[in-house]
Amino acid sequence: FPLNYAKYILHVVSPITQFSSSSFKDKFGQDLRIAFFERLGKLTTRDLKDNDSQILGLIRDSVPVFEEFFGKDAYTICEQAELETTLSILKSPFLERKIKALNEFKDFFDRCDPQVDSRQLGEKRRFRYWTNDKIKSWIIQKKILEYVIGEQSHVELLKRYSFEVVKSNNV
């Protein structure tokens, strides 16, 4: 399904489940989760070029919807999706998107830091599941820095962002 439909599915269809049985709601929640995250896993180059801001916003906006179905696990589910989608954006062929993804990774550390004033985060929520240590481990596991400074690198990525993230977060 087109990404712009996902917003309608999440915010229009899911609230009507309050008028259904718990077994239907559970099944609907699981099916919705599978469909939504499978679609995110199949992002095309065009999706990444045209909709990267919308995609991350859609994931962030989906937390309350998934919270209805999965409780506090919704934060884990959506935060993981946000990291994985940002990694897809980083690996896109577009320099502008790669730079944006690195900015997002830097913001992830801010969103984990209880010392950062939530007003500085703007529209983004503070992470509930992820911590700085978990994100550092995830970055190492996904070999993000190797990607940024490796064969796929671009001088602008190195010059502007990668070392700032490393230096400020001891990755």
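The legends below describe close-up views of a predicted model.

**View 1. The salt bridge between Arg-111 and Glu-82 joins two helices of the predicted model.**
In this view the side chains of Arg-111 and Glu-82 form a salt bridge, and their closest N and O atoms are 2.5 Å apart. Arg-111 belongs to helix α6, which covers residues 95-112, while Glu-82 belongs to helix α5, which covers residues 73-90, so the pair ties together parts that are 29 residues apart in sequence. Arg-111 counts as buried, at 2% relative accessibility, and Glu-82 is likewise buried, with a relative accessible area of 2%. A search of the whole structure finds 10 salt bridges, and the pair shown here is part of a network of salt bridges that links Arg-60, Glu-82, Glu-104, Asp-107, Arg-111 and Lys-124.

**View 2. Glu-104 and Lys-124 meet in a salt bridge.**
The two side chains come together with an N to O distance of 3.3 Å. Glu-104 sits in helix α6 and Lys-124 in the loop between α6 and α7, and the pair links distant parts of the chain that are 20 residues apart. Glu-104 counts as buried at 6% relative accessibility, and Lys-124 counts as buried at 15%. Both residues are members of the salt-bridge network that also includes Arg-60 and Asp-107.

**View 3. Glu-84 and Lys-142 form a salt bridge between a helix and a loop.**
The closest N and O atoms of Glu-84 and Lys-142 are 3.4 Å apart. Glu-84 lies in helix α5, whereas Lys-142 lies in the loop between α7 (132-141) and α8 (144-149), so this salt bridge ties together parts that are 58 residues apart in sequence. Glu-84 is partly exposed, with a relative accessible area of 27%, and Lys-142 also counts as partly exposed, at 28% relative accessibility.

**View 4. The largest cavity is lined by residues that include Arg-60, Glu-82 and Arg-111.**
Two cavities of 30 Å³ or more are found in the model, and the largest of them, shown here, has a volume of about 70 Å³. Its lining consists of Ile-59, Arg-60, Val-63, Tyr-75, Cys-78, Glu-79, Glu-82, Arg-111, Arg-125, Arg-126 and Phe-127. The elements that give two or more residues to this lining are α3 and α5, and α5 gives the most, with four residues. Among the lining residues, Arg-60, Glu-82 and Arg-111 also take part in the network of salt bridges.

**View 5. Cys-78 and Cys-112 are buried cysteines that do not form a disulfide.**
Cys-78, one of the residues that line the largest cavity, is buried, with a relative accessible area of 1%. Cys-112 is buried too, with a relative accessible area of 12%. The cysteine sulfur closest to that of Cys-78 is in Cys-112, and because the distance is 15 Å, the two are too far apart for a bond. Seen from Cys-112, the closest cysteine sulfur is in Cys-78, again at 15 Å and too far for a bond. The structure as a whole holds zero disulfides.

**View 6. The largest pocket is lined mainly by residues such as those of helix α3.**
This pocket has a volume of about 250 Å³. It is lined by 13 residues, of which Leu-3, Asn-4, Lys-7, Gln-54 and Leu-58 are the closest to its centre. The elements that give two or more residues to the lining are α1 and α3, the latter covering residues 45-61. Helix α3 gives the most to the lining, with nine residues.

**View 7. A nonpolar patch on the surface includes Val-12 of helix α1.**
Tyr-5, Tyr-8, Val-12, Val-13, Ile-16 and Phe-19 make up this surface patch, and together they have about 680 Å² of accessible area. Val-12 lies in helix α1, which covers residues 3-13.

**View 8. Leu-157 is a buried residue of helix α9.**
Helix α9 covers residues 155-169 and contains Leu-157, which is buried, with a relative accessible area of 0%. The C-alpha atoms of Leu-157 and Arg-60 are separated by 25 Å, and the two residues are 97 residues apart along the chain.

Terms used:
Residues numbered from 1 in each chain as written. Predicted model: local features only at pLDDT ≥ 70, side-chain atom pairs only at ≥ 80, totals over all residues. Heavy atoms only, no water. Disulfide = S-S within 2.5 Å. Buried < 20%, exposed > 50% of the residue type's maximum accessible area, 1.4 Å probe, protein only. Patch = residues over 30% accessible without salt bridge, like charges linked within 9 Å, V, L, I, M, F, W, Y side chains within 5 Å. Areas by Shrake-Rupley, 256 points an atom, 1.4 Å probe, with all protein chains shown as cover. Salt bridge = Lys/Arg side-chain N within 4 Å of Asp/Glu carboxyl O. 1 Å grid on protein atoms, 1.4 Å probe; cavity = no way out; pocket = protein on both sides within 12 Å on 5 of 7 lines; lining within 4 Å. Points joined across faces, edges and corners; volume = space filled by probe spheres on them.
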